[in-house]
Amino acid sequence: MGYSRSLAAGLLACAAVAATAQTPPPAAAPFSAEGVRAHVAFLSDDLLEGRDLGSAGHEIAARYVATRFEAMGLKPAGDNGDWYQRITFQRSVPGATPGTVTITGPAGERQWTHATDVLVSVDVPDPNYAISAPLVFVGYGIEDKVAGIDDYRGLDVKGKIVVTLSGYPKGMPSEIGAHLSASKTEAAARHGAIGWLSIATLQAAKTRPWAQRVRFASNPSVTWVGPDGKPFDSSYGMKGGALLNAPVAEAVFAGAPKSLKAVLAEADKAGGRPKGFALKTSARVTQSATVTRVTSPNVAAVLPGSDPALAGQYVVLSAHLDHIGVSPAKPGDTAETDRINNGALDNAAGIATMLEVARAAAEAQDEPRRSILFLASTGEEKGLLGADYFARHPTVPAASIVGNVDLDMPLLLYPFTDVVAFGADHSTLGPLVAGAVAPMGLALAPDPMPEESIFVRSDHYMFVKQGVPAVFLATGFANGGGEQWRKFLSGNYHNRGDDMQQPIDWEAGARFAEANYRITRAMADADTVPLWYQGDYFGAVFAPGQPKAPPAAK
């Protein structure tokens, strides 16, 4: 799972949802605790060395999944008639010469180097750059017609470097805010800016202190490379930028018509949206980087639908196959030190669930009406990259994909009695999930931590961005689940402790597989496809021309 450890804090405030009695799985689709365990044991074995993107271990894992698909009698859904959609990735890391940010203005000229009070980005197609331009403060830097926000109104940023506040205004719904926050470079590029500088709000500085950010200063930036050989440009033509700590931010606002202190104070109020203005300063930002390319596959298979009128539509059940690999050696480590991040729950357990659902669907006497596409994606831990690539370059017609459920890090450490479908309130997938799991005595709990914006932070969101209704399904927080999640996220998450030595409840694994089988079949067999609700922000932004369902009753 690619979302951050800050989830642990949100979990402390979560309320559990009461559970009802369990019912046995249906005879037509038995689910095996031993089967789930066998998949997780193989995929999290030391031999695979944490399944990092581009590694031999991930290649072994991909072949394992493909052979399971083949043994089930599924049809290949990769490129060129095989099981794999092979993707090229570009990896950029800061070079030997540190990047710099130089601020020039009424207070003179000062320069900072990367990983001091500035973090210079390598997250651009060409991470070797030098840009110089006047600075313009653009508030939060948000422009969105649906939300009715235009922070660029009256500002000229063409050929300039924009200065933005991090995050989004206080009081904005967190999922919408998180999406808008991630769209800032695109907005700046539309207005002709060539670079960006980002300043933390008071709240952001408390949530993620500068020292914590610096710890990850040398982490690589990874993006996928398109069929045309060009890396995907998440900066939409912007040339570069940097994050700024307080001393640099003060220098940026030297001589400004409004002080940085006043701007931050305004942003710290509910609904506060400081207006932009031209600054009296300019900046020069330089960066050098080492760029390499690797390949890594998505693995995809299809169970064809049986209804001639619906078989051309696809529901997607996805889970990411990659993990974070081997940690760098630390002082005092020996040859015997365990540095492998096995990723048993994150996300061998999700893949195991998907494989069990695929097996049950393939063996069922009643075939699904719609086709079911099973996707084991790569690059989730590097920024949801494999799912993004597939959603933009699907191996079936893009318009034929009608719904997605994503499985990421089901916490199989307790007998869960509810599930959470992050994003359930945006589309008719919510009631579909609730109805599918109800016969098992499982409750569909509301998002227990909306402040964490999980809906926009896992692989399913890449399908959402292509207009497809989608949810991210997780084991719930009832029956002690909240405490188990808190402990895992503050301990074994993204750590070598996420292995087979954990007290994994394999019966819970079989139960989670059954729940997802029921959900997948409900999508595949329903008379109508999943629909966005009328008035939903994400449906309006990403699927403006699609039919909508009446808003759900509150």
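The exercises below, each with a worked solution, concern surface patches and loop residues in a predicted model.

**Exercise 1.** Locate Glu-49 in the chain, decide whether this residue is buried, partly exposed or exposed, and name the surface patch to which Glu-49 contributes.

*Solution.* Begin with the secondary structure, where Glu-49 falls in the loop that lies between helix H2 (33-43) and helix H3 (56-72). Next take the relative accessibility of Glu-49, which is 46%; because partly exposed covers the range between under 20% for buried and over 50% for exposed, Glu-49 counts as partly exposed. Finally, turn to the patch, which is negative and is formed by Asp-45, Asp-46, Glu-49 and Asp-338.

**Exercise 2.** Work out how Leu-47 is placed and classed by accessibility, and state which residues make a nonpolar surface patch with Leu-47.

*Solution.* Leu-47 is found in the loop between H2 and H3. The relative accessible area of Leu-47 is 56%, so this residue is classed as exposed, the cut-off being over 50%. Together with Phe-42 and Ile-60, Leu-47 makes a nonpolar surface patch of about 250 Å².

**Exercise 3.** Determine whether Ser-235 is buried or exposed, and find the side chain with which Ser-235 makes a polar contact.

*Solution.* First place Ser-235 in the loop between strand E11 (221-225) and strand E12 (240-244). Its relative accessible area is 2%, and Ser-235 is therefore buried, since buried means under 20%. The partner is Asp-233, whose side chain is joined to that of Ser-235 by a polar contact of 2.5 Å.

Conventions:
Residues numbered from 1 in each chain as written. Predicted model: local features only at pLDDT ≥ 70, side-chain atom pairs only at ≥ 80, totals over all residues. Heavy atoms only, no water. Patch = residues over 30% accessible without salt bridge, like charges linked within 9 Å, V, L, I, M, F, W, Y side chains within 5 Å. Areas by Shrake-Rupley, 256 points an atom, 1.4 Å probe, with all protein chains shown as cover. Salt bridge = Lys/Arg side-chain N within 4 Å of Asp/Glu carboxyl O. Lys, Arg positive; Asp, Glu negative; His and termini not counted. Charge placed at Lys NZ, Arg CZ, Asp CG, Glu CD. Helix = DSSP H or I, 4+ residues; strand = E, 2+ residues; numbered from the N terminus. Buried < 20%, exposed > 50% of the residue type's maximum accessible area, 1.4 Å probe, protein only. Polar contact = N/O pair within 3.5 Å; in protein donor to acceptor, adjacent residues only side chain to side chain.
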